[in-house]
Amino acid sequence: MTAQASISTPGEKLVVIGNGMAGCRAVEEILARDANRFSITIFGAEPRVNYNRIMLSPVLAGEKTFEDIVLNGQDWYDDNGIELVSGDPVVAIDRAAKTIATRSGRITPYDKLLIATGSDPFIIPVPGKDLPGVVTFRDLDDVDKMLAAAGLGGNAVVIGGGLLGLEAAHGLALRGMQVTVIHLMPTLMERQLDEAAGWLLKTALEGRGQTILTGADTAEIVGDGKVQAVRLKDGREIPADIVVMAVGIRPSVGLAREAGLAIGRGIQVDDHMVTADPDILAVGECVEHNGMVYGLVAPLFDMGRALADGLTDQPSGYPGSVTSTKLKVAGLDVFSAGDFSGGEGCEDIVLRDATRGIYKRVIVKDDRIVGAVLYGDTADGGWYFDLLKREENVSDIRDALIFGQAFASGGGAGANPIDAVAALSGEAEICGCNGVSKSKVMACIAGGAHTLDAVRSGCKASASCGSCTGLVENLLAFAMGDDYAGERDNKPMCKCTSFTHEDVRAAILEKALKEIPAVMQALSWNTPDGCSSCRPALNYYLLCAWPAEHQEDPQSRFVNERMHANIQKDGTYSVVPRMWGGLTNPRELRAIADVVEKYDAPMVKVTGGQRLDIFGIKKEDLPAVWADLNAAGMVSGHAYGKALRTVKTCVGSDWCRFGTQDSTGLGVQIEKMTWGSWMPHKFKIAVSGCPRNCAEATIKDFGVVCVDSGYELHIGGNGGIHLRGTDILCKVATEQEALDYCAAFIQLYREEARYLDRTAPWVERVGLDYVKRRIVEDNVGREALRARFLHAQTYLQVDPWAERAAGKEAHLHQHLAEIRPFAVVGG
């Protein structure tokens with residue numbers, strides 16, 4: 001029996017206009033108090049379920065998919081007996097008849113009506129604002145428009161240097177566009193940051209390649225049939241292929257106004273979110289309460305609780321919200337709370353750490369915190385905010401206040417983080433994205449949620465951006481004591497650091513770190529130069545994150561990769577030239593034969609990957625061998641590298657009577673697309689022309705099995721010590737789709753697997769369903785992965801043999817007798 005069938009038919013009909021975060025959160029609060037009180041219908045303008053709008057930025061940046069930011073899936077509506085009408089916006093409210101009408105003409109009666117229409121983006125009224133290519137940044141459709149523009153490259157102009165504008169700029173920059181931000185005010189995010197923090201943020205963003213113009217006023221958007229440029233009032237003209245308007249939002253009050261409700265800056269409500277009509281309520285960004293309109297997430301959660309209390313006859317109300325903002329703007333941590341304008345009677349306590357890029361300012365008045373601004377280190381933001389909301393006297397800890405909770409409580413730098421969360425009040429906010437307090441997390445744990453995933457499912461703390469994950473884990477440890485063994489099975493990279501592989505990769509992106517010393521400095525490595533375990537991993541992570549900009553460190557590669565050949569037990573090397581899809585020709589064969597004779601190679605071996613391996617080449621002869629093979633058109637087969645090794649094929653439909661498709665031709669295309677791509681480990685591909693699978697595609701990292709109707713794509717195979725058959729990813733109809741899915745899968749593996757993980761253990765760890773969600777089900781995400789892979793390939797598809805043959809790194813190939821003698825110190 002479904003949950004919907006088990007719910008008795010209630011006497012009152014609740015209709016919700018708005019399927020966003022505010023409306024659905026209010027419904028959740030009602031259900032938590034009295035699940036059988038109402039029969040609920042929710043109308044949403046967008047053709048999708050409820051999602052976390054504040055997480056659109058990671059979707060734009062390619063860090064998350066739509067599925068990752070869904071708050072209430074279809075199962076939530078079904079399980080709670082809620083009728084969802086999506087993609088059909090409400091266009092009218094008839095208060096006399098107590099009905100609403102939708103764009104499609106549907107009429108629905110209500111006993112209680114909840115308006116949660118949110119806000120509308122503000123479009124500055126300049127010439128050209130309606131040109132194609134001018135977009136806002138409010139919903140998933142806007143993200144899709146930006147992704148389409150970014151796929152074509154070029155210039156992006158973002159008008160507005162607030163949070164949304166900077167996030168849009170960050171995402172478009174990560175997608176490869178040249179980005180200019182135009183902001184009218186002299187300080188970025190002036191509502192959340194003071195001048196000093198705004199300057200630090202601007203400097204950091206400029207250091208990442210963005211152009212930031214503050215004090216800049218837009219005069220006109222220029223274009224003939226589409227956007228071409230933005231002209232400023234001072235005459236400057238900035239080229240633009242897309243313009244993102246992110247200058248602010250306004251409460252969406254059109255429906256309420258037409259229905260005759262009281263409107264100020266927003267829909268006016270009382271403490272239980274009731275409008276001028278006792279049967280109509282409103283919640284969220286569209287609301288005005290006691291003269292205040294809120295555009296942040298936490299207040300709408302407070303409103304939802306007060307609304308649910310009122311509808312279920314519980315005595316409480318909404319007193320208004322004291323707001324804080326803890327954000328990761330383009331990967332940079334910022335926090336603000338309260339009033340940071342200062343003024344008479346206020347005292348500023350400031351800490352600046354230029355080396356670490358940290359700025360902290362706490363504003364105290366009458367021995368109580370009234371405001372705080374943090375940049376670079378926001379760990380104590382929740383503590384400051386808790387002190388602010390409780391109006392606690394801080395005179396006793398005044399001298400240590402700026403150094404954070406650990407120092408102020410007398411614990412010093414080594415204070416126990418479990419004690420810190422234990423000291424927080426029950427009302428202290430733990431998860432800003434979902435408005436979850438400490439008391440709610442503790443209640444969730446007490447109710448049986450004894451893992452991080454269980455807490456996320458139970459109360460949604462840490463379920464969105466993840467920045468509060470550490471706090472939630474500390475609360476689990478505080479509540480469960482020794483029974484809590486910890487969540488992360490990820491061990492530190494090595495003895496040099498406490499950070500996991502995933503932590504390090506995230507920091508490289510967030511902090512724009514592009515060389516190994518910068519990583520070690522930023523993450524406080526506890527050894528001066530790292531070790532043989534972490535240095536190769538760091539070198540790869542930097543290459544993957546910044547293919548055009550990273551600082552390569554040859555000494556952090558294994559010997560085979562440094563020498564671009566496989567060392568053998570006698571000290572000589574084997575050389576394996578690439579043979580595209582296993583194909584060769586007389587010229588290549590003659591070149592190989594000549595090399596074998598010229599350099600007296602003792603053995604030539606056919607490999608399992610359909611290539612020829614030349615053994616016994618001396619180190620000093622390698623550049624000459626490579627030059628001879630290059631002359632025949634052959635390049636490195638990367639048989640030595642954590643990279644694509646081979647693409648194995650069968651003859652397919654051209655010759656075999658069982659062949660269904662041109663497997664050889666497809667294999668050659670795949671190899672020419674993927675060669676040179678450095679990866680966490682070696683990577684093998686095969687294309688079989690029919691289900692007889694002569695190319696052994698089902699034990700490869702990526703395999704294609706041709707069938708009559710197209711191509712079956714397989715992933716995660718391994719034919720080595722631990723044999724693993726592939727998992728079927730999906731089936732596609734065309735060669736181009738096979739190429740696209742292959743590129744996307746490789747890039748997902750490149751970006752998320754730990755260094756030295758083959759695809760087999762990686763797929764087992766993250767799960768086949770996860771890979772399918774990212775590659776098969778998410779068309780936009782798949783295209784973004786493919787685009788990032790092909791972008792990286794423009795820098796990686798350089799034949800190292802040709803470089804060495806031309807003289808690069810010549811010292812590596814000198815005979816011992818040629819090396820200049822060196823002095824022995826301290827002998």
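Q: What makes Tyr540 count as buried?
A: Tyr540 has 4% relative accessibility, and buried means under 20% relative accessible area, with exposed over 50% and partly exposed in between (1.4 Å probe, protein chains only). So Tyr540 counts as buried. Keep in mind that this is a predicted model, where local features need pLDDT of at least 70, side-chain atom pairs count only at pLDDT 80 or more, and totals for chains, interfaces and linings use all residues. Residues are numbered from 1 along each chain as its sequence is written, and side-chain values use heavy atoms, leaving out hydrogens and water.

Q: Why is the pair of Tyr540 and Tyr755 called stacked?
A: Rings of Phe, Tyr and Trp (its six-membered ring) pair if their centres lie within 6.5 Å; planes under 30 degrees apart count as stacked, over 60 as edge-to-face and the rest as tilted. Here the centres are 5.9 Å apart and the planes at 25 degrees, so the pair is stacked. Tyr755 counts as buried too, at 9% relative accessibility.

Q: How do you know that Tyr540 and Tyr755 tie together parts that are apart in sequence?
A: Tyr540 lies in helix α18 (residues 534-545), while Tyr755 is in the loop between α23 (735-752) and α24 (759-766), so the parts they tie together are 215 residues apart in sequence. For the naming, helices (H or I, at least four residues) and strands (E, at least two) are DSSP runs, numbered from the N terminus.

Q: What makes Phe683 and Phe745 a tilted pair?
A: Centre to centre they sit 6.4 Å apart, which is within the pairing limit. The planes make 50 degrees, so neither the stacked nor the edge-to-face label fits and tilted is what's left. Phe683 is in strand β35 (residues 683-688) and Phe745 in helix α23, 62 residues apart. Phe683 is buried, with a relative accessible area of 0%, and Phe745 counts as buried at 0% as well. Both belong to one aromatic cluster with Phe702, Tyr749 and Trp762.

Q: How do you know that Cys531 is in no disulfide?
A: A disulfide is a pair of cysteine sulfur atoms within 2.5 Å. The nearest cysteine sulfur to that of Cys531 belongs to Cys494, 3.7 Å away, so the pair fails the cut-off. Cys531 is buried, with a relative accessible area of 16%.

Q: Why is there no bond from Cys544 to Cys742?
A: The closest cysteine sulfur to that of Cys544 is in Cys742, and at 15 Å it's too far for a bond. Searching the whole structure turns up 0 disulfides.
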